[in-house]
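Subject: Structure handover

Dear colleague,

Here is the structure I said I would pass on. My notes on it follow below.

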Amino acid sequence: MATTPTPRVRLPAQAKPGELIEIKTLISHEMESGQRKDAGGKVVPRKIINKFTAAFNGKVVFEADWNPAISANPYQSFFYKAVDSGEFTFTWKDDDGSDYVAKNKLTVA
Amino acid sequence: MVLKSVEKTRRETLAYAAIAGLAALLAPRMSMADEQAVAAEINKLYGDKKFESGKIKLDVPEIAENGLVVPVTVDVESPMTESDYVKAVHVFADGNPLPGIVSYKFTPACGKASASTRMRLAQTQNVVCLAEMSNGKLHMAKASVKVTIGGCGG
């Protein structure tokens, strides 16, 4: 399970001004809770994604702080009210310090 | 004399059995968070402020077959304008090894204070949801989830 987490994001490419859009995100990650023991009885160290951030044109619009109780391959959906065209930046922060980033464009017309 | 000693042994045996039974009941819960742990977390965040009911729609299944993946949707009623919006939402569970599940920060740009994710539940327990409004008001909702297979993984 040491593959690089791959983020997947689904949102409409186009929206009308003032339209409420739903953004669905998924990232592959084992979310090791730090509660589990391996076959030798040793505790498997915690390694989870502890923070998910969504920013639009550089401004943070939504944040989620995840605890070990979040399932593996964490899913997160939320809403955004379309105003202007721009670009979303989604960031997942891992316990080991790495960031996984996805970018999606939104056209408002 | 003989009768007395038998009586005593039976009493002792019963007492030991009762203690053993109680220990067996408590043992699996030892490492789990409980309502007090959740209350302590809430106290850490908001002190002893009052919570109102209503406004929150906490959507969890009544029965979760697989505790490893339990969908949870929080929907807080709010106009989500600059002057009146939902600032933060916290979700806790009182039967997991750790009480915290997720904390959201919303902004007026969201347009709707609603978010879904999937959580792990170790056993049948209560899920508690708090919402903090921009005007400082606090709301709380609670739901219980029956878990058929726990999601603790060991």
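Start with A:Phe52, whose bridge partner in S7(A) is A:Trp92. Please keep in mind that this is a predicted model. That pair belongs to a longer match: strand S4 (residues 49-56) of chain A and strand S7 (residues 86-94) of chain A run antiparallel and are joined by seven bridges.

S7(A) also pairs with strand S8 (residues 99-108) of chain A, again in the antiparallel sense, over eight bridges. Within S8(A), A:Lys103 is the residue opposite A:Thr89. S7(A) and S8(A) make up a hairpin, with four residues between the two strands. In its turn, A:Gly97 has a positive phi of about 100°.

Next, the contact between the chains. On chain A 24 residues take part, and on chain B 28 residues. Two elements of chain A, strand S5 (59-66) and strand S6 (75-81), each give two or more residues to the side that touches chain B. S6(A) gives the most, with seven residues. Sorted by class, that side of chain A has 14 nonpolar, five polar and five charged residues.

Strand pairing also crosses from one chain to the other. S5(A) and strand S5 (residues 100-106) of chain B are antiparallel and share five bridges. One residue pair to look up here is A:Glu63 with its bridge partner B:Lys105 in S5(B).

Now the core. The largest nonpolar core has 56 residues, and B:Cys110 and B:Cys129 are the members that touch the most others. In soluble globular proteins, nonpolar side chains tend to be buried together. With neighbours within four places in sequence left aside, the contacts of B:Cys110 in chain A are A:Val61, A:Phe62, A:Phe78, A:Phe79, A:Tyr80 and A:Lys81. From chain B, B:Met80 is in contact with B:Cys110 as well.

One last residue is B:Asp75, which lies in strand S3 (residues 70-76) of chain B. Is B:Asp75 buried or partly exposed? B:Asp75 has 19 other C-beta atoms within 10 Å, and a buried residue needs 20 or more, so B:Asp75 counts as partly exposed. Not counting residues up to four places away in sequence, B:Asp75 touches B:Lys57, B:Asp59 and B:Ser114. The C-alpha atoms of B:Asp75 and B:Ala113 are 5.9 Å apart, although 38 residues separate the two along the chain.

Regards

Methods
Residues numbered from 1 in each chain as written. Chains lettered and ligands numbered in written order. Predicted model: local features only at pLDDT ≥ 70, side-chain atom pairs only at ≥ 80, totals over all residues. Contact = placed C-beta atoms within 7 Å. Nonpolar A, V, L, I, M, F, W, Y, C, P; charged D, E, K, R; others polar. Pairing = 2+ DSSP bridges. Core = buried A, V, L, I, M, F, W, Y, C linked by C-beta atoms within 7 Å. Buried ≥ 20, exposed ≤ 12 C-beta atoms within 10 Å, placed from the backbone.
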